[in-house]
Every structure is written in C-alpha cells, then in structure tokens.
Amino acid sequence: MSRIEVHELSKYFTASRPALVDASFAYEGSGAIGYLGPNGAGKTTTLKLLTGLLRPTRGSATINGIDVAEDPKHAMADVGAVIETPEPYPSQTVSEAIEMVAEFRTGDLRGSREEIAALHARLELPPFDQRTGRLSKGQRQRVVVAAALVRDPRILLLDEPTNGLDPKERILIRNLLNDLKKDHLILMSSHLMQEVTEICDQVIFINQGQIVLRDTVENIARRFQARAVDAEFATPMPIDRIRGLGPLVQDVVVIGERRFRIMFDGTNSARAEILAGLVKLGPVLSYASASLVLEEAYLSLMQGTGNAHVGASPRSSSDVAG
Amino acid sequence: MDLSRLPSDYLQLISAFRRQLRFYLRTLRYVGCLGFVLVVGGAVTGVTIAEGSSMGTAAASLASGLGSIATFGIIFCALIGGDAIAMDFGSGTGYFMLVLPVRRAILLLGRYLGAFVVTVSLVLVIYAFAIFATAWFYGLGGIPWADVGASFLLALLFVASVLATAFFFSSFFRSPAMSIVTTILVLFLGLDIADGILVVTGIEPWFSILYAGEVISNAIVPVAHKTVTQVAGLTITTYSPYQWEGAVIMVAYLVVFLFLSIVIYQRKESKG
C-alpha cells in the first residue's frame, strides 16, 4: 500500500529563518491531499524534501517506508513528481523525454510506445517528434506531467501542477487527477482553492513553515461553511438594506446583482434570524452555505483569525486517504 | 510498483550514457567544435601539404600535428563538460532528472561517459589530420604506429582527467555559461600563467594538467625532462614531463576531481 510520511521534518536555510518546522503527517492508500499555503509558506520545501531535492535539517521524509534522504533511488521507485518548473533536455523530443523516464523506472521500453500513445491522447500532448525546447510553457508542463505518469507510479507529488496552464489545460489535468486519485496517492500543492476543492479529499494548511490545520475537506467545510451564507433575491437588493439587518451581520460581499455573501458568527440561531430578516426585505430565491469554504478557511487561517491550531491534529497521525 | 522492476545501477548507467550521448551530439557546442576542428585541421593540413613542409621526420611531422592537442582538449572538455552539474541547478533540468529513481552518481557517470565519447571524437579528428599529413609525405608505413598508439592512449587519459576537472568546476555554479567560462579560464589561462611563472623559479609544475598534457606529443618525439637556458641574465628552467609522470598527474586529476564531483553532486540541493 502506498504511503507518504514526514516526521518532525524541519529545514533551515538560515538559522534565523526556518522554511519548515517540525512538520508531521502521514497518508496511505489512495486519494488526493491538497497542500495549501501562501508563497513562502513551506509547501515546495516539503515536496522537495519528499523527493530528495533538499536534505532535511532534522526529521525524516519516507515514502513506502524508505527514507528519501538515505536511499532516494528506492524511495522514488514508485513516485511521479512534478516540482517547480521541470524541463527535459531541450534537444529531446517529446517521446524521447517520456521514454527516458520509462527506461529509468523499469529498465526497458517494452510497451512504452502504447503507454506513451495513451498519455499522448489523454493529455493532448504536442507531436511526438517535437523538441521539448520549442514547446510553450503549457505544452511542456503537460509533457512533464506525462513523464511523471509513465510506468504508472502509485504516488504522485505535484507542486502546483496546473501552474501556467490555460483554463482548458487545467480542466484536462483536473479530470486526470480526479481519475487517478481512485487508485493513486496524490499530494499536491496549489494556490487555487477551487482546484483543491474539486480534486482533494483532505487538506493540509501550512503557514510560515508550520502546519496549522490538517483535516478532510468535508470537516473543514463543516467548520468554515457555518460562518458564511450566500443569499439570492428575486429582485435587485441594495447592500445597505442587508447591512441594516443589525449586528448579527458581520460583513456583506456583493457577488452578483441579486446575490450576496453574508458573514456572521456561525451559530444556527444567527443563521435563522438573518434568514428571517432577509425574507422581510424581499423574496429570497436561495439561502445556502457559501461554497468557497477552502478559500474562507485559508483566509481565516492565514490572517490568524480562524481556528488555527485547533484542528492541527484532528485525526490520528496516519490518515487513510482513500 | 514492485521494487524488483527497478533497473540495476548498471542498466541505468547504460541508459544515462546513451541519452546523454544523444544530447551532446545534438548540441550546438558539439557541432560548432566539430566544424571548427574540421575547418582548422583541414586548412592547416592543406597548407602543410601545399608547402611541402614535411618537418624532416615522420615523428616530427606527427608531433607537430598533435602539438596543440592539449590546448584544444581543454577547450573542448570545458565546452562539453563545463556545465554538466550546473545545468541541473541553473535550469529546470534538475527538477526533471533528480526526482527520478536513479542515483545521482549514476546520472553523473552517464553524463561523464557521454561527454568523454564526444570529446574523444573531436580529438580523433585532430589525430586523423596529423596522420593524414604525415602519411602524405612518408606513407602509412613510415608512421610510428606504436608511438601514435601510446600518444592516443595518453590523449584519452588527458581528456578523461580534464573532463573530470570540468565536472568539478561545474558543481560550483548555477549558470552553465559561467561554469564553462570559469573552467576555460582556470584550466587554460590560469595554469598557463602559473607554468610561465614557474619557468623563472625553476620549480617543476607537477601539479598542472596542462603540463601533464605535454606527454601526448612527447610520446612521439621525446623531449629532455629538464632544460636550463640563460636569457638576458635570467635563468630559465623548463621541464617536460616523463610519460609516467604525465600519466600519474592525469590519473590523479581524474580520480580526485571525479570523486569530488560525485560527492558534491550527491549533496547539492535544489534551493532555487
């Protein structure tokens, strides 16, 4: 069974500014884990430590029980990784770049043509004989993702895998990852909350090198959804009238001519009172928890206004992802 | 994935070597060096034949043709291997290669072997022109093949040692261009200047790979180990390495710098 574990993992580039401090988590089985945090939070550092690109100052990163720093060859045997902006040798063709990875993983190219052809179709890769040095950023990224997937490694470590892709390409990768997570273990960092919401089952929030929250998307949704509702009126409604409902309404954001996001303290009584107030203002078509729960959680945690640390270890140290 | 499917280090070395060889053969650097050596070698050989300047003996003719091989060897090695490690840390290549299930030492040795083969192919062109010009005047039978063989083996060792040195320098830089330029400056100009200073002090430059490279042509026309001359009241002491001495210096460069390159490459981090 595939397993990723980091144990009290720390990385200091300078003594005064740690990039990662005592990070611990473990996942096994299958599923997708989103790794979220602002720039410089330590996401890429963690992924680099998990792939042997960096050496830990202390602690350990193991894949399938093998310490990455001690035996990277065997630790990475079942891992496909896309970290930062990988570039194949520019003179390699698309098929050569992917074949090379296949050859390093299994020592031969048996069946690789069929496999690469399948990846080619699935990821809409550029022509086989095109040099990778002449590809656009998006094309190169898809080739790199294909190389990470060749020979079907069961663990995928992806650092903002849709970075630099256009919307069509993002959908392509998103659909691919949603398929793969059924029988692969995926750890992916991202800035895109919507993307993480659509792909991941579990989420790790990291800020200033420290993991501040780790839980299932479902649990986070439950916690943070409770603090915002989206309301839609049948007719246009001035925002001031909603603000005028009283102290229960902490903030109101316009998300459409007739749609508003209303922030409140999260209690059921306040939620009911606000609904009653809205109905008095005009006909309400819908009233539901806000959908961008991860964004809400992210902003709350990063601004230090949320339940940081409350749920830092909400489950056992080893979570079955799938 | 079943770990038993993972290829052995040996198989991965073969893969790394083949892939790297293909990469080098396609680079502009290699094509440029090949074009340069073909044009310059062809021109010099053409002029030599046209002027009928046979150098007196077949050995002298060969030694003349191979006289610049150490200089060219250093330039070729620096151009081909000068960015071997830097390329992984100054561009995205490292993020593609270093996350694969391959030991870094194997990747580096594959690159090294690839660089060695393409550099030797350039050296072979120089030998081919020297042999052709000599055969033109003295016939194939007049060529001292045993000496040519010894010279070529020493040239292979020279290329191997200079490449190891170039790999070592490349481990200190993130920019491939800076790495190549520094390798050329240190190996070519730096050691040449040091040799020039030592001529006056009378110290044998036993530490210099450039000095050791002199054995490539000395294998065909032996030169006295030590020559002392007086120029304008100044005592000039020039040394020429014994064959064994040159070989030992080159082996030392090869072993030390290749070992250091592997150690540094294995420990180097992708911090960018």
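This short tour visits helix 9 of chain B, its partner helix 4, and the side of chain B that touches chain A.

The model is predicted: local features need pLDDT of at least 70, side-chain atom pairs count only at pLDDT 80 or more, and totals for chains, interfaces and linings use all residues. Residues are numbered from 1 along each chain as its sequence is written, and chains are lettered from A in the order in which they are written.

**Stop 1: helix 9.** Select residues 176–201 of chain B. Helices here are DSSP runs (H or I, at least four residues), numbered from the N terminus. Find Val186(B): a kink of about 30° is centred there. The bend is the angle between axes fitted to the seven residues ending at a residue and the seven starting there. Next, select Gly202(B), just after the helix; its phi is positive, about 80°.

**Stop 2: the buried residues.** Colour Pro176(B), Ser179(B), Ile180(B), Thr182(B), Thr183(B) and Leu187(B), the buried residues of helix 9. Buried means 20 or more other C-beta atoms within 10 Å of the residue's own, with C-beta atoms placed from the backbone. Their cover includes helices 4, 5, 8 and 10 of chain B.

**Stop 3: helix 4.** Show residues 69–81 of chain B. The axes of helices 4 and 9, lines fitted to C-alpha atoms over the stretch in contact, come within 8 Å and cross at roughly 155°. The two helices of chain B are therefore roughly antiparallel (angles over 145 degrees).

**Stop 4: chain A.** Now show both chains. 26 residues of chain B are in contact with 30 residues of chain A (C-beta atoms, placed from the backbone, within 7 Å). Helix 1 of chain B gives the most to its side, with six residues.

Definitions and conventions:
Expected span 1.5 Å × (residues − 1). Buried ≥ 20, exposed ≤ 12 C-beta atoms within 10 Å, placed from the backbone. Contact = placed C-beta atoms within 7 Å. Axes fitted to C-alpha atoms, helices over the stretch in contact; angles between N-to-C directions. Parallel < 35°, antiparallel > 145°, perpendicular 65-115°, else oblique.
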